[in-house]
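The following paragraphs lead through selected local features of one protein model, beginning with a single residue and moving on to helix packing and loops. The reader is invited to keep the sequence and the coordinates in view.

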Amino acid sequence: MIFGAITNSWRNHLMEQDLEDLIAEAEARGSRHVELRQTCLGSCESGQGDEWRPNLDGLQAIVDRFGDLQFDLAMALPCLTQDVDPAGEQFQMALAGAKIVGRETPHLRLVDPNPLDGTWDSPSDIPEQALNLANLAREAASQGVILSLENSGQTIGSMAMLVEECRTRLSEEEGGYLGLCPDPTNQLRRFPDSDPLGDLNALPLDMLKIVHFKQARAGDPHPSVDTGDLDCGEMLRLLEAKDYQGPAIMEIPPHPDVFDNLSASYDFLNAASSK
């Protein structure tokens, strides 16, 4: 498993420090992957909402400087609640950015920021608009870009059902590019009576494209990955048992001591590992 960081953890630091300096600190703390998250890219992005665009030259400069790090690009896109044109400029620019930062394994991670109406308990609950995700996945696959979806307003199980339904509209090769970014703590905070680790364990390995670790205590965000509402140690061991080899991102909240908290998160998970 490849432990990593995400740039929205450094939201406050970006007001005074360059993104490259923050990435260098994350690397010094043991990060082997950095998720480059929209709104937290400093000079490597411009605009907001529909007008957001990555700065491709800036992203290339980051990749050139940090040859030993892996990267993916992450953005908020209303891909489940609005019609997004696969050929539109914003999505095409995001794919171009993902190809730059991902090198041989380009990866674009999406989250829909809009609220969803109800939970999806069966395929018939999934709105047709959400199934249009298949069109985005087909376009991403045609360019060799992995597309993953984070569970924000749905359970991991519901998102897996969405991916399965979208894959029926794609070729086997295209469907292999589409998967999930499961975040069990997201699910636990929204659905406190659910079993997010059970849902995670039920996922087929090929659907796991990237995972997020975070922690809460009594429903409130905790500054590091540690003990709390979710058994993060068990989450790690579950992923190890599945032989998951991909990125595991510490999506810890902004904090003056965020890099100490990042180091503490790595220490906790290393101690919890069964390997």
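In this predicted model, a convenient starting point is Arg53, which belongs to strand β4, residues 53-54. The relative accessibility of Arg53 is 16%, and this residue therefore counts as buried, the cut-off being under 20%. Its side chain makes a polar contact with the backbone oxygen of Asp50, at 2.9 Å. Leaving aside residues up to four places away in sequence, Arg53 touches Glu45, Ser46, Glu89, Gln90 and Met93.

Met93 also leads to the next feature, for it is one of the α3 residues that meet helix α2. Two packed helices are described by the angle between their axes and the distance between the axes. For α2 (residues 56-65) and α3 (residues 89-102), the angle is about 15° and the axes are 9 Å apart. Because angles under 35 degrees count as roughly parallel, α2 and α3 are described as roughly parallel to each other. Their crossing is right-handed. On the α2 side, the contact is formed by Leu56, Leu59, Gln60 and Val63, and on the α3 side by Met93, Ala96, Gly97, Ile100 and Val101. By class, seven of these contact residues are nonpolar and two are polar, with no charged residue among them.

Beyond α3, the chain enters the loop that leads to β6 (107-111), and Arg103 lies in this loop. The phi angle of Arg103 is near 50°, a positive value in a residue other than glycine. With a relative accessible area of 29%, Arg103 is partly exposed.

A further positive phi is found after helix α10. This helix is mostly covered, with seven of its 10 residues buried. Those buried residues are Cys232, Gly233, Met235, Leu236, Leu238, Leu239 and Glu240. They pack against strands β1 (2-6) and β9 (211-213), and against helices α8 (184-190), α9 (196-202) and α11 (258-272). At the N-terminal end of α10, Asp231 acts as a cap: one of its side-chain oxygens lies 3.3 Å from the backbone nitrogen of Gly233.

Just after α10 comes Asp243, with a positive phi of about 65°, although this residue is not a glycine. Asp243 is placed in the loop between α10 (232-241) and β12 (247-250). Is Asp243 buried or partly exposed? Its relative accessibility is 43%, and Asp243 therefore counts as partly exposed.

Conventions
Residues are numbered from 1 along each chain as its sequence is written. This is a predicted model: local features need pLDDT of at least 70, side-chain atom pairs count only at pLDDT 80 or more; totals for chains, interfaces and linings use all residues. Side-chain values use heavy atoms; hydrogens and water are left out. Axes are lines fitted to C-alpha atoms, for helices over the stretch in contact, and angles run from 0 to 180 degrees between N-to-C directions. Helices (H or I, at least four residues) and strands (E, at least two) are DSSP runs, numbered from the N terminus. Angles under 35 degrees count as roughly parallel, over 145 as roughly antiparallel, 65 to 115 as roughly perpendicular and the rest as oblique. A crossing is left-handed if the near helix is turned anticlockwise from the far one by less than a right angle, and right-handed if clockwise. Contact means heavy atoms within 4.5 Å. Ala, Val, Leu, Ile, Met, Phe, Trp, Tyr, Cys and Pro count as nonpolar, Asp, Glu, Lys and Arg as charged, and the others, Gly among them, as polar. Buried means under 20% relative accessible area, exposed over 50%, partly exposed in between (1.4 Å probe, protein chains only). A polar contact is a pair of N or O atoms within 3.5 Å; within protein, one must be able to donate a hydrogen and the other to accept it, and residues adjacent in sequence count only if both atoms are side-chain atoms.
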